[in-house]
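Let's go through this model together and ask how each label was earned. Have the structure open beside you as we go.

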Amino acid sequence: MRVRTLALAAASGAALLAAGVLPARASGATAPRSAQEGSVSAADLLAKVKSCSQISNGKYKTDDETSATVPVCGKNGAVFWKADMDIDCDGQRTTNCNEDRDPWYQDDTRFHQSDDKPLKAESLPYVVVPSSSSIWNYADSGIKGGGVVAVIYNNKVEYAVVGDTGPSKIIGEASYATAKALGIDPDPETGGADSGVTYILFKNSKASPIESHSAAVTLGDKLAKQFIAAN
């Protein structure tokens, strides 16, 4: 679980400007693939989450140094929030997710693959939910490990699974693979998106096995259609 601070983000930006280079997402170095997955458009999903019926007992911060402004909202068949995206690189060590690339790296994830190994943040799109607290308990809302999530950014839809838990007062984080697919710089130290990311978590859903992205996409498309019809 990565907790990015505003100071770090500002310092990284200043360093890039001083060096006369652009971030990876601007230069195209990350070469993200297109992420319009399934048959339901980003616009159709976003039209259903314009208003928030708050279900959390308070709001979350998006980073350590920000104020708490993000509620968890309820809809028929789903919960959602609108936040930033910090990059989670935890789980199995890979080329881009390891101690050398990520100062906050941890070699485990809250939920595991079917072989009981941690998830692979570099290759599996997954989302981080806040650890249960007095603000909100994700399990009470029908959210579980492997639950399917529609992540929307810049008019693109990427289906992911609930794969990890993070600090109890911070929200807005997803795996390296999720960010890359959406065209967000996936660098675990300097990447991410400051705002504009919508997370729609479908209640009582589970991709099986959790490590199968194709299973998440197939189920996610079905649940997205049901979500549109029910709201």
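## How the labels are earned

The protein chain has 5 helices and 7 strands. This is a predicted model, in which local features need pLDDT of at least 70 and side-chain atom pairs count only at pLDDT 80 or more, while totals for chains, interfaces and linings use all residues. Residues are numbered from 1 along each chain as its sequence is written, and side-chain values use heavy atoms, with hydrogens and water left out.

Q: What makes a stretch a helix or a strand here, and in what order do the elements run?
A: Helices are DSSP runs of H or I with at least four residues, and strands are runs of E with at least two, numbered from the N terminus. From that end the order is α-α-α-β-β-β-β-β-β-α-β-α.

Q: Why is Ser205 called buried or exposed?
A: Buried means under 20% relative accessible area, exposed over 50%, and partly exposed in between (1.4 Å probe, protein chains only). Ser205 has 5% relative accessibility, so Ser205 counts as buried. Its place is the loop between β7 (193–202) and α5 (213–230).

Q: What does Ser205 touch?
A: Contact means heavy atoms within 4.5 Å. Leaving aside residues up to four places away in sequence, Ser205 touches Gly142, Lys144, Gly146, Gly147, Val148, Leu219 and Leu223.

Q: Which backbone oxygen lies 2.8 Å from a polar side-chain atom of Ser205, and what makes a pair a polar contact?
A: The oxygen belongs to Phe202. A polar contact is a pair of N or O atoms within 3.5 Å; within protein, one must be able to donate a hydrogen and the other to accept it, and residues adjacent in sequence count only if both atoms are side-chain atoms.

Q: What is special about the peptide bond from Ser208 to Pro209?
A: This bond is cis, with omega near -5°. Pro209 also sits in the loop between β7 and α5.

Q: How do you know how α5 compares with the expected span?
A: The expected span of a helix is 1.5 Å times one less than its number of residues. With 18 residues, α5 reaches 25 Å from its first C-alpha to its last, close to the 26 Å expected.

Q: Which residues of α5 are buried, and what covers them?
A: Among them are His213, Asp221, Leu223 and Phe227. Their cover includes α3 (42–46), β1 (73–75), β2 (78–88), β4 (148–153), β5 (156–166) and β7.

Q: What makes a set of residues a nonpolar core, and how many residues has the largest one?
A: A nonpolar core is a set of buried Ala, Val, Leu, Ile, Met, Phe, Trp, Tyr and Cys residues joined through side-chain atoms within 4.5 Å. The largest has 59 residues, and those with the most contacts inside it are Trp81, Met85, Tyr199, Ile200 and Phe202. β2 gives the most to this core, with 7 residues.

Q: How do you know that β4 and β5 pair, and which way do they run?
A: Two strands pair if DSSP finds at least two bridges between them. β4 and β5 are joined by 6 bridges and run antiparallel; one of these partnerships links Ala150 with Tyr159.

Q: How many bridges join β3 (126–130) to β5?
A: There are 5, and these strands run parallel. Val129 has Thr165 as its bridge partner in β5.

Q: Why is Asn154 called buried or exposed?
A: Its relative accessibility is 59%, so Asn154 counts as exposed. In the hairpin of β4 and β5, which has 2 residues between the strands, Asn154 takes a positive phi near 55°.
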